[in-house]
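Let's take a friendly look at the enclosed spaces inside this protein. Here is the structure to keep beside you as you read.

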Amino acid sequence: MLKAPMPKLSTPEMIVRTIQKMIQRGRFQPGQKLPGQRELAEHLNVSRASLREALSTLEALDLVRTRAGQGTYIHDRKLAKPLPMHDWKFADQYALSEVYEFRYFTETAAARLAAVQIEDREIATLREYHAKLARALQEEDVMVSTSHDYEFHRYIMLCSRNRLFVDLYDRFQKIFHETQMLPYARHERLSEVIEEHGRIVEAIARRDGDAAADCLGQHLLNATERIGIPMTRVGPGADRKP
């Protein structure tokens with residue numbers, strides 16, 4: 001049976017998780033200004049570089065807002081307007097739509113292969129990964145949720161029995177993880193992620209390759225819709241013109 005390694009949170013990701021828990025426990029209130037970066041870095045015993053990366057992630061997740069010349073504030077979702085899509089941090093390498101297109105073609109192919117080759121024990125493992133994601137979302141642990149999301153998709157790559165798929169997924173781990181994180185800024189739509197993952201699991205469990213590919217492809221298209229990225233070159237009704 002294939003076994004995917006547990007994802008390890010980086011220092012910035014651990015900072016994100018720590019600050020999120022501080023928000024949940026009332027240490028920081030909605031609308032409250034965070035301490036300055038130097039003070040906060042010293043309090044958390046982390047470098048300012050790691051803290052800056054964590055704050056960027058928190059803003060991408062719509063948990064904080066940065067106001068030019070004023071500082072960083074805890075996002076009050078009851079009062080604030082929706083946050084426009086933050087700058088794509090890998091824009092100097094690939095357009096966000098390019099990454100989603102690549103994921104669409106490779107992951108749908110992997111899902112189709114996985115469905116016809118997966119073993120019963122591996123189906124149980126895939127269900128376990130899905131359950132871990134559901135629990136993390138129920139506990140509102142967004143950072144761990146995004147790691148479980150990555151873990152779920154990577155395991156499907158493993159079950160495809162195509163080592164090149166897995167190698168590419170690992171090589172571009174940071175980029176793919178970022179695309180999996182962006183839809184989590186839409187807090188009111190997180191239940192959709194669980195439902196879509198569930199449909200992928202059931203299609204693979206039925207060993208229906210076409211359905212597995214369709215469910216995974218639709219999940220990725222829905223993710224791009226949640227973050228406002230138009231995808232016109234992939235999926236049903238795609239523009240096939242050269």
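## The second largest cavity

Seen in this predicted model, the second largest cavity has a lining made up of Phe102, Thr106, Met157, Phe165, Leu168, Tyr169 and Phe176. Two elements, α4 and α7 (163-171), each give two or more residues to that lining. The largest share comes from α7, with three residues.

What about the chemistry? The lining of the second largest cavity counts six nonpolar residues and one polar residue, with no charged residues. Its volume is about 30 Å³.

## The largest cavity

The structure holds two cavities of 30 Å³ or more, and the largest has a volume of about 90 Å³. Of the 13 residues in its lining, Asp149, Gln180, Pro183, His219 and Ala223 are the closest to the centre.

Which helices should you follow around this space? At least two lining residues of the largest cavity come from each of α4 (96-117), α6 (142-159), α8 (173-181) and α10 (209-226). The biggest contribution is that of α10, which supplies four residues.

## Two linings, side by side

The lining of the largest cavity divides into six nonpolar, four polar and three charged residues. In the second largest cavity, the lining likewise has six nonpolar residues, but one polar and no charged residues.

One helix is worth tracing through both views: α4 supplies at least two residues to the lining of the largest cavity, and α4 also gives two or more to that of the second largest.

Note on methods:
Residues numbered from 1 in each chain as written. Predicted model: local features only at pLDDT ≥ 70, side-chain atom pairs only at ≥ 80, totals over all residues. Heavy atoms only, no water. 1 Å grid on protein atoms, 1.4 Å probe; cavity = no way out; pocket = protein on both sides within 12 Å on 5 of 7 lines; lining within 4 Å. Points joined across faces, edges and corners; volume = space filled by probe spheres on them. Nonpolar A, V, L, I, M, F, W, Y, C, P; charged D, E, K, R; others polar.
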